[in-house]
Each structure stands twice: as structure tokens, then as C-alpha cells.
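Hi everyone, thanks for coming. I'd like to walk you through one structure today, so let's get it up on the screen.

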Amino acid sequence: MPAFLLRRALQAVVVLLVLAAVLYAVFYLAPGDAARLACGPKCSTAQVAQIRGQMGLDDPVYLQFWHFLQGIVGGHTYSTGTGSVHCPAPCLGQSYRTGELVTDLITQKLPATASLALGAMVLWLVIGVGTGLVSALRRGGVTERLLTGFTLVGVATPVFITGILLLLVFCSWLQWLPYPSYVPFTDDPQQWAWNLLLPWLALALVEAAKYARLTRSSMLETLAEDHIRTFRAYGVGEAAVVRRHALRGALTPVIALSALDLGTMFGGALLTETLFGIPGLGQQLVQSVQLKDLPVVVGIVLVMGLAVVLANAVADVLYALADRRVVLA
């Protein structure tokens, strides 16, 4: 296990370095003047030149990228013309629009996105895996046909349609729930969960359909394997066969998919965050792209990449815990 974790850590560093290089090339070397963007459209040529010097844009490209990496590892000090501002590691730069440190901005937005992603993940795994398991065990019956219809509707329905329907039914028509307004967990845990219930359901119902189909097909495949037939031949009860052996093997692809979905959810739940007014990373990313706030865009995408890498590393460990046939290499 320690050797595996060390290898995955080294792989994560390489992946993030490549991602940082690609992002730097796309956003910082693309046509456009970063100094003009940072200074604003009303700045004079002399002011733009001053900002260019403060940002280090007169340095060679490789040196600019090296300073960018140094800032992530060891922090960076930015000149303001009349003084300096220190950005501690991991430093991802300063916002062109507000002057706020990108790390501080991400720290403010991350709890909302993490709350949305983790809560929705719990729901879609419970609903999806449970539905897929029941559908596989009741194959050919009315229950399976009903659950299959549910999964087809869920896969075909976009998340914004599901979200709008939930708002209409529970907030407008039945008035069982208030319109969501994000409340930090540290302020009021009950209101935090109450206001995130509909966003969780909007994401979970769509994702659960995908997990139900995956669990059903994986479970049917596992139940047809030789070792399962051997357990049954030796008189092991059906409940024990399903719970102790078949389900563990069937969960391997579910773990892989959930790791990928969770990682991308940290920066990709844009429609849900926008629909329900959740001030998360996805909403901030779109706003920063529209405003051409390049340091914020690069910082958020790097955090998204880190989330995907970490989620897949955790998934590899869970493989071995769920299925003893998997060997960490």
C-alpha cells in the first residue's frame, strides 16, 4: 500500500504539471494582452506598461511559467507599484478584476460545491445501486420493467429539467420547501441540509439512473460467473451469495464511475449551481470566463484536475477493498 500511494502521488504530480503547462499555454499565450485585461480598458499605455512589468510579462515565456510553478510551491510576492502583496503557497495568482488572491476565492467557493457534490453522490449511490440491485434480482418481472423505465426516463432527462420540475412541485405547488438559498454548514447544519435537498435530488435522480443501469448489468454478469455457481452448489444461501460475494464484485465499475463523477462534479455542476443559486466553483468559473479573469479560470481548472486525480486514487484503493481479486500495482 505505501508503495502504491507513492506511485500514485508521483503520477498525480506529473498529471498536474502537464495540466498546468497546457492551461498556461492556452490562457496566457493566447491572443490578447493580459496586462490590458488586468488594468482595464480605460488605462493609458504607460499604465499598461507599468502593470506589464509588475506582472512579469516582459520576461521570457519559460521564465513566466517557472515563476507560476514557484508560486504554487513556495508562494509569490506581487508588486503593486507602491508596495507589495505576498501570496502564500499554494499561490494561484490574483484576480484581474478584484485583486483578490485566487486561493482565497477558491477557498470561499469550494465548501458550497463540495456540499453539493458529496450530498448528491450519497443519494445517487443509494438510489442507483439499490435500484440496480433490485432490478437484477427481479429480472424478468414487473418490478424490473418498472425500474428499467425509471432509469430510461432518468438518463434521458437533463438536470435542468429535473431541477425546474422539483422547484415547481415542492416550492411552488405544494410549498413544502422554501426556494433554496445556500447556508454554510457551520452557520446552521439543519438549514444547510434543508436548502440543499432539492439540488441534491436534481443531480441524484439523473445520475442514479446511470448507476442503476451499470449496477444491474454488472450484477447480472457477476451472478453468472463460475465462483457464484460454486457457492450455490455448496448450499450457500442466496442472500449470503449476493451480499458477500456477488455485490462486492459488481461494485468495482460503480466505484470507478463514482470517482470520476465526483471529481468532475467539483467544477462541473454549473447548471445545478446556477439554477438553485449556489455560489460554488462552477458558477464562479463561468463568470470568470466571461470577464476574462484568467488567473481565476486557471486556478479553478487546476483544482478540478486535482479533484479528479485524488478521486481516482481513492477509487483504486476501494477496488481492493470491494473485490479481493484486485491487486494494487
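I'll go through some aromatic rings, then two helices, then a few odd spots in the backbone.

One thing before we start: what you're looking at is a predicted model.

Okay, rings. How many aromatic pairs does a search of the whole structure find? The search turns up five. Take Trp124 and Tyr211, which make a stacked pair, with 5.8 Å from centre to centre and 25 degrees between the planes. Now look at where they sit: Trp124 is in helix H5, residues 102-137, and Tyr211 is in helix H8, residues 189-223, so this pair ties together parts that lie 87 residues apart in sequence. Buried or exposed, these two? Trp124 and Tyr211 are both buried.

Compare that with Phe185 and Trp192. Here the ring centres are 5.0 Å apart and the planes are at 85 degrees, so we call this pair edge-to-face; the cut-off for that is over 60 degrees. What about their surroundings? Phe185 has a relative accessible area of 46%, so it's partly exposed. Trp192 comes out at 16%, and because buried means under 20%, Trp192 counts as buried. There's a third ring to mention too: ring pairs join Phe185, Trp192 and Trp200 into a cluster.

Back to H5 and H8, the helices from that stacked pair. How do they pack against each other? Their axes are 4 Å apart, at an angle of about 35 degrees. The crossing of H5 and H8 is right-handed. And if you sort the residues in the contact of H5 with H8 by class, you get 23 nonpolar, seven polar and two charged.

Now the odd spots. As background, most peptide bonds are trans, and most residues other than glycine have a negative phi. So which bond should you look at here? Try the one from Ala89 to Pro90, which is cis, with omega near -5 degrees. You'll find Pro90 in the loop between strand E2, 84-87, and H5.

Then there's Gln175. It isn't a glycine, yet its phi is positive, about 55 degrees. Gln175 sits in the loop between helix H7, 159-173, and H8. With a relative accessible area of 61%, Gln175 is exposed, since the cut-off is over 50%.

Last stop, Leu5, over in helix H1, residues 2-28. Leu5 has 46% relative accessibility, so it's partly exposed. Its C-alpha is 27 Å from that of His245, which is 240 residues away along the chain.

That's my tour, thanks for listening!

Definitions and conventions. Residues numbered from 1 in each chain as written. Predicted model: local features only at pLDDT ≥ 70, side-chain atom pairs only at ≥ 80, totals over all residues. Heavy atoms only, no water. Helix = DSSP H or I, 4+ residues; strand = E, 2+ residues; numbered from the N terminus. Buried < 20%, exposed > 50% of the residue type's maximum accessible area, 1.4 Å probe, protein only. Phe/Tyr/Trp six-rings, centres within 6.5 Å; stacked < 30°, edge-to-face > 60°. Axes fitted to C-alpha atoms, helices over the stretch in contact; angles between N-to-C directions. Left-handed = near helix turned anticlockwise from the far one by under 90°. Nonpolar A, V, L, I, M, F, W, Y, C, P; charged D, E, K, R; others polar.
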